[in-house]
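Hi everyone, thanks for coming. I'd like to walk you through a structure I've been looking at, so please have a look at the screen.

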Amino acid sequence: MTGSATLRALHHGPHLPLVLPGPWDAASAKVFADAGFPALATPSAGVAASLGYEDGRTPADEMFAAVARIVRAVDVPVSADVEAGYGLSAKELVGRLADAGAVGCNLEDTDPATGALRDPREQADWLAQVRAEAGDALVINARIDTYLRGVQDTEETVRRGRLYAEAGADCVYPILAPPPLLGELAAGIGLPVNAVVTPDGPTPRELGALGASRITFGPGLQHQAMAAVAGMAERLREELSAEG
(Lines give C-alpha, C1' and ligand atoms only; values in the text may rest on other atoms or scores of the structure.)
Protein backbone atom coordinates (compact mmCIF):
# COMPACT_ATOMS: atom_id res chain seq x y z
CA MET A 1 0.00 0.00 0.00
CA THR A 2 1.34 3.45 -0.91
CA GLY A 3 1.82 6.18 1.68
CA SER A 4 -1.21 8.09 0.43
CA ALA A 5 -3.37 4.95 0.46
CA THR A 6 -2.24 4.18 4.01
CA LEU A 7 -3.00 7.71 5.18
CA ARG A 8 -6.39 7.74 3.44
CA ALA A 9 -7.36 4.41 4.99
CA LEU A 10 -6.44 5.62 8.49
CA HIS A 11 -9.21 8.24 8.24
CA HIS A 12 -11.80 5.44 8.14
CA GLY A 13 -10.71 3.26 11.02
CA PRO A 14 -10.57 0.91 12.66
CA HIS A 15 -8.88 3.10 15.27
CA LEU A 16 -10.64 6.45 15.34
CA PRO A 17 -10.11 9.25 15.85
CA LEU A 18 -6.87 9.36 13.87
CA VAL A 19 -4.52 11.47 16.00
CA LEU A 20 -1.84 13.23 13.95
CA PRO A 21 0.84 15.02 15.99
CA GLY A 22 2.27 18.13 14.36
CA PRO A 23 6.06 18.04 14.03
CA TRP A 24 7.83 21.32 13.35
CA ASP A 25 11.23 19.85 12.44
CA ALA A 26 12.95 16.54 11.80
CA ALA A 27 13.82 15.93 15.47
CA SER A 28 10.25 16.39 16.71
CA ALA A 29 8.96 14.23 13.85
CA LYS A 30 11.23 11.40 14.91
CA VAL A 31 10.01 11.68 18.51
CA PHE A 32 6.37 11.36 17.46
CA ALA A 33 7.03 8.52 15.01
CA ASP A 34 9.11 6.63 17.57
CA ALA A 35 6.21 6.99 20.02
CA GLY A 36 4.11 4.90 17.64
CA PHE A 37 1.86 7.40 15.87
CA PRO A 38 0.93 6.00 12.44
CA ALA A 39 1.15 9.30 10.56
CA LEU A 40 2.06 12.97 11.11
CA ALA A 41 0.69 16.33 9.95
CA THR A 42 2.94 19.37 9.86
CA PRO A 43 1.52 22.70 11.12
CA SER A 44 2.42 25.75 9.05
CA ALA A 45 2.62 27.95 12.16
CA GLY A 46 4.88 25.54 14.03
CA VAL A 47 7.22 25.12 11.07
CA ALA A 48 7.23 28.89 10.54
CA ALA A 49 8.23 29.49 14.16
CA SER A 50 11.04 26.94 13.91
CA LEU A 51 12.36 28.80 10.86
CA GLY A 52 12.05 32.25 12.41
CA TYR A 53 8.94 33.45 10.56
CA GLU A 54 5.45 34.52 11.53
CA ASP A 55 2.69 32.16 10.43
CA GLY A 56 1.83 32.83 6.81
CA ARG A 57 5.19 34.49 6.09
CA THR A 58 7.34 31.45 5.38
CA PRO A 59 8.76 31.45 1.84
CA ALA A 60 7.48 28.47 -0.11
CA ASP A 61 10.98 27.12 -0.79
CA GLU A 62 11.77 27.05 2.93
CA MET A 63 8.44 25.42 3.82
CA PHE A 64 8.87 22.63 1.29
CA ALA A 65 12.49 22.11 2.38
CA ALA A 66 11.34 21.79 6.01
CA VAL A 67 8.65 19.30 5.02
CA ALA A 68 11.23 17.28 3.09
CA ARG A 69 13.50 17.10 6.16
CA ILE A 70 10.58 15.90 8.27
CA VAL A 71 9.63 13.24 5.71
CA ARG A 72 13.22 11.98 5.51
CA ALA A 73 13.39 11.60 9.30
CA VAL A 74 10.48 9.16 9.63
CA ASP A 75 9.00 6.02 8.11
CA VAL A 76 5.33 7.02 8.48
CA PRO A 77 3.14 9.05 6.08
CA VAL A 78 3.38 12.82 6.41
CA SER A 79 0.74 15.38 5.49
CA ALA A 80 1.90 18.96 5.00
CA ASP A 81 0.08 22.17 5.82
CA VAL A 82 0.76 24.28 2.74
CA GLU A 83 -1.63 27.09 3.67
CA ALA A 84 -3.39 28.39 0.53
CA GLY A 85 -0.84 26.94 -1.89
CA TYR A 86 1.64 29.84 -2.05
CA GLY A 87 0.23 31.08 -5.34
CA LEU A 88 1.48 27.99 -7.16
CA SER A 89 -0.47 26.34 -9.94
CA ALA A 90 -2.04 23.01 -9.09
CA LYS A 91 0.62 21.23 -11.13
CA GLU A 92 3.45 23.09 -9.40
CA LEU A 93 1.97 22.50 -5.94
CA VAL A 94 1.46 18.79 -6.48
CA GLY A 95 4.98 18.50 -7.88
CA ARG A 96 6.53 20.31 -4.92
CA LEU A 97 4.64 18.12 -2.46
CA ALA A 98 5.74 14.99 -4.30
CA ASP A 99 9.35 16.16 -4.37
CA ALA A 100 9.18 16.75 -0.60
CA GLY A 101 7.71 13.29 -0.06
CA ALA A 102 4.43 14.45 1.49
CA VAL A 103 1.43 12.23 0.78
CA GLY A 104 -1.21 14.62 2.11
CA CYS A 105 -1.83 18.33 2.42
CA ASN A 106 -3.99 20.97 4.07
CA LEU A 107 -5.36 23.66 1.76
CA GLU A 108 -7.28 26.51 3.36
CA ASP A 109 -10.03 28.67 1.86
CA THR A 110 -8.80 32.02 3.17
CA ASP A 111 -7.41 34.33 0.51
CA PRO A 112 -3.93 35.27 1.79
CA ALA A 113 -4.01 38.55 -0.13
CA THR A 114 -7.15 39.83 1.60
CA GLY A 115 -7.52 37.69 4.71
CA ALA A 116 -11.13 37.02 3.68
CA LEU A 117 -12.86 33.79 2.73
CA ARG A 118 -12.50 32.80 -0.89
CA ASP A 119 -15.56 32.22 -2.99
CA PRO A 120 -16.37 28.56 -2.27
CA ARG A 121 -16.87 27.63 -5.92
CA GLU A 122 -13.51 29.13 -6.84
CA GLN A 123 -11.92 27.19 -4.00
CA ALA A 124 -13.69 24.02 -5.13
CA ASP A 125 -12.39 24.53 -8.66
CA TRP A 126 -8.86 24.92 -7.25
CA LEU A 127 -9.20 21.74 -5.19
CA ALA A 128 -10.49 19.88 -8.25
CA GLN A 129 -7.41 20.97 -10.19
CA VAL A 130 -5.16 19.70 -7.39
CA ARG A 131 -7.02 16.40 -7.34
CA ALA A 132 -6.75 16.06 -11.11
CA GLU A 133 -3.00 16.64 -10.99
CA ALA A 134 -2.39 14.35 -7.99
CA GLY A 135 -4.74 11.51 -8.76
CA ASP A 136 -4.85 9.23 -5.71
CA ALA A 137 -1.31 10.14 -4.65
CA LEU A 138 -2.39 12.94 -2.29
CA VAL A 139 -4.80 13.01 0.66
CA ILE A 140 -6.45 16.43 0.54
CA ASN A 141 -7.65 17.95 3.80
CA ALA A 142 -9.77 20.95 2.79
CA ARG A 143 -9.75 23.56 5.53
CA ILE A 144 -12.94 25.56 5.94
CA ASP A 145 -12.27 28.90 7.62
CA THR A 146 -15.83 30.06 8.29
CA TYR A 147 -15.57 29.92 12.07
CA LEU A 148 -12.02 31.28 12.00
CA ARG A 149 -13.26 34.31 10.04
CA GLY A 150 -16.28 34.92 12.26
CA VAL A 151 -18.89 33.33 10.01
CA GLN A 152 -20.82 31.38 12.64
CA ASP A 153 -22.99 29.65 10.08
CA THR A 154 -23.34 25.89 10.06
CA GLU A 155 -25.24 25.88 6.76
CA GLU A 156 -22.46 27.84 5.03
CA THR A 157 -19.83 25.53 6.49
CA VAL A 158 -21.72 22.47 5.23
CA ARG A 159 -22.24 24.11 1.82
CA ARG A 160 -18.53 24.73 1.46
CA GLY A 161 -17.69 21.24 2.70
CA ARG A 162 -20.00 19.59 0.18
CA LEU A 163 -18.47 21.58 -2.67
CA TYR A 164 -15.00 20.58 -1.54
CA ALA A 165 -16.09 16.94 -1.23
CA GLU A 166 -17.42 17.02 -4.80
CA ALA A 167 -14.08 18.50 -5.89
CA GLY A 168 -12.23 15.48 -4.53
CA ALA A 169 -11.27 16.34 -0.95
CA ASP A 170 -10.70 13.34 1.32
CA CYS A 171 -11.35 15.19 4.57
CA VAL A 172 -12.61 18.61 5.66
CA TYR A 173 -11.26 20.79 8.43
CA PRO A 174 -13.76 23.34 9.78
CA ILE A 175 -11.13 24.93 11.97
CA LEU A 176 -12.38 26.18 15.35
CA ALA A 177 -15.89 24.84 14.76
CA PRO A 178 -17.72 24.50 18.10
CA PRO A 179 -17.03 20.90 19.20
CA PRO A 180 -20.73 20.06 19.75
CA LEU A 181 -21.32 20.71 16.03
CA LEU A 182 -18.70 18.24 14.78
CA GLY A 183 -21.15 15.37 14.37
CA GLU A 184 -23.66 17.54 12.51
CA LEU A 185 -20.94 18.84 10.20
CA ALA A 186 -19.62 15.35 9.47
CA ALA A 187 -23.11 14.08 8.68
CA GLY A 188 -23.97 17.10 6.53
CA ILE A 189 -20.74 17.08 4.53
CA GLY A 190 -20.27 13.34 4.22
CA LEU A 191 -16.51 13.25 4.75
CA PRO A 192 -14.25 12.65 7.74
CA VAL A 193 -13.93 15.85 9.78
CA ASN A 194 -10.66 17.17 11.21
CA ALA A 195 -10.80 18.92 14.59
CA VAL A 196 -8.00 20.86 16.27
CA VAL A 197 -7.04 20.47 19.91
CA THR A 198 -7.06 23.81 21.73
CA PRO A 199 -5.53 24.54 25.16
CA ASP A 200 -8.83 24.68 27.06
CA GLY A 201 -10.91 22.52 24.75
CA PRO A 202 -11.86 18.84 24.64
CA THR A 203 -9.23 16.13 24.54
CA PRO A 204 -8.58 14.16 21.35
CA ARG A 205 -10.70 11.29 22.65
CA GLU A 206 -13.55 13.67 23.49
CA LEU A 207 -13.37 15.31 20.06
CA GLY A 208 -13.59 11.86 18.52
CA ALA A 209 -16.69 11.08 20.56
CA LEU A 210 -18.23 14.33 19.31
CA GLY A 211 -17.78 13.32 15.68
CA ALA A 212 -14.21 14.13 14.60
CA SER A 213 -12.42 11.40 12.65
CA ARG A 214 -9.07 13.20 12.51
CA ILE A 215 -7.35 15.19 15.24
CA THR A 216 -4.55 17.71 14.76
CA PHE A 217 -2.90 20.24 17.04
CA GLY A 218 -1.96 23.25 14.94
CA PRO A 219 1.15 24.79 16.51
CA GLY A 220 0.03 23.64 19.98
CA LEU A 221 2.67 20.95 20.48
CA GLN A 222 5.44 23.29 19.34
CA HIS A 223 4.16 25.92 21.78
CA GLN A 224 4.24 23.38 24.60
CA ALA A 225 7.77 22.34 23.70
CA MET A 226 8.97 25.95 23.65
CA ALA A 227 7.27 26.59 27.00
CA ALA A 228 9.29 23.69 28.41
CA VAL A 229 12.47 25.19 26.94
CA ALA A 230 11.58 28.57 28.45
CA GLY A 231 11.14 26.90 31.83
CA MET A 232 14.56 25.27 31.53
CA ALA A 233 16.12 28.60 30.57
CA GLU A 234 14.53 30.35 33.53
CA ARG A 235 15.73 27.71 35.97
CA LEU A 236 19.23 27.91 34.53
CA ARG A 237 19.22 31.70 34.84
CA GLU A 238 18.06 31.42 38.47
CA GLU A 239 20.80 28.90 39.26
CA LEU A 240 23.45 31.14 37.73
CA SER A 241 22.12 34.16 39.64
CA ALA A 242 22.20 32.22 42.90
CA GLU A 243 25.77 31.09 42.27
CA GLY A 244 26.83 34.66 41.49
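I'll go through aromatic pairs, then cysteines, then a sheet. Please keep in mind that this is a predicted model.

Let's begin with the rings. How many aromatic pairs does the structure hold? The count comes to 2. One of them joins Trp24 and Phe32 in an edge-to-face arrangement, with 6.3 Å from centre to centre and 75 degrees between the planes. If you look for these two residues on the screen, you'll find that Trp24 is buried and that Phe32 is buried as well.

Now for Phe64 and Tyr86. Why is this pair called edge-to-face? The ring planes of Phe64 and Tyr86 stand at 70 degrees, with the centres 5.9 Å apart, and planes over 60 degrees apart count as edge-to-face. I like this pair for where its partners sit: it links distant parts of the chain, 22 residues apart. Phe64 belongs to helix H4, which covers residues 60-73, while Tyr86 lies in the loop between strand S3 (78-81) and helix H5 (90-100).

And are those two rings buried or exposed? Phe64 has a relative accessible area of 4%, so Phe64 is buried. Tyr86 comes out at 23%, which makes Tyr86 partly exposed; the buried class needs a value under 20%.

On to the cysteines, since someone at the bench always asks. How many disulfides turn up in a search of the whole structure? The answer is 0. Take Cys105: its closest cysteine sulfur is in Cys171, and at 11 Å that is too far for a bond. To be called a disulfide, the two sulfur atoms would have to lie within 2.5 Å. Seen from the other side, Cys171 is in no disulfide either, with the sulfur of Cys105 as its nearest, 11 Å away. As for their surroundings, Cys105 is buried with a relative accessible area of 0%, and Cys171 is also buried, at 0%.

Last stop, the sheet. Here we have an open sheet of 3 strands, in the order S1-S8-S7, and the pairing is parallel. Which strands form the edges? Those are strand S1 (18-19) and strand S7 (194-196), each of which pairs on one side only. Between S1 and strand S8 (residues 214-216), the parallel pairing runs over 2 bridges. If you'd like a spot to zoom in on, find Val19, which stands opposite Ile215 in S8.

That's my tour, and I'm happy to take questions.

Notes. Residues numbered from 1 in each chain as written. Predicted model: local features only at pLDDT ≥ 70, side-chain atom pairs only at ≥ 80, totals over all residues. Heavy atoms only, no water. Phe/Tyr/Trp six-rings, centres within 6.5 Å; stacked < 30°, edge-to-face > 60°. Buried < 20%, exposed > 50% of the residue type's maximum accessible area, 1.4 Å probe, protein only. Helix = DSSP H or I, 4+ residues; strand = E, 2+ residues; numbered from the N terminus. Pairing = 2+ DSSP bridges.
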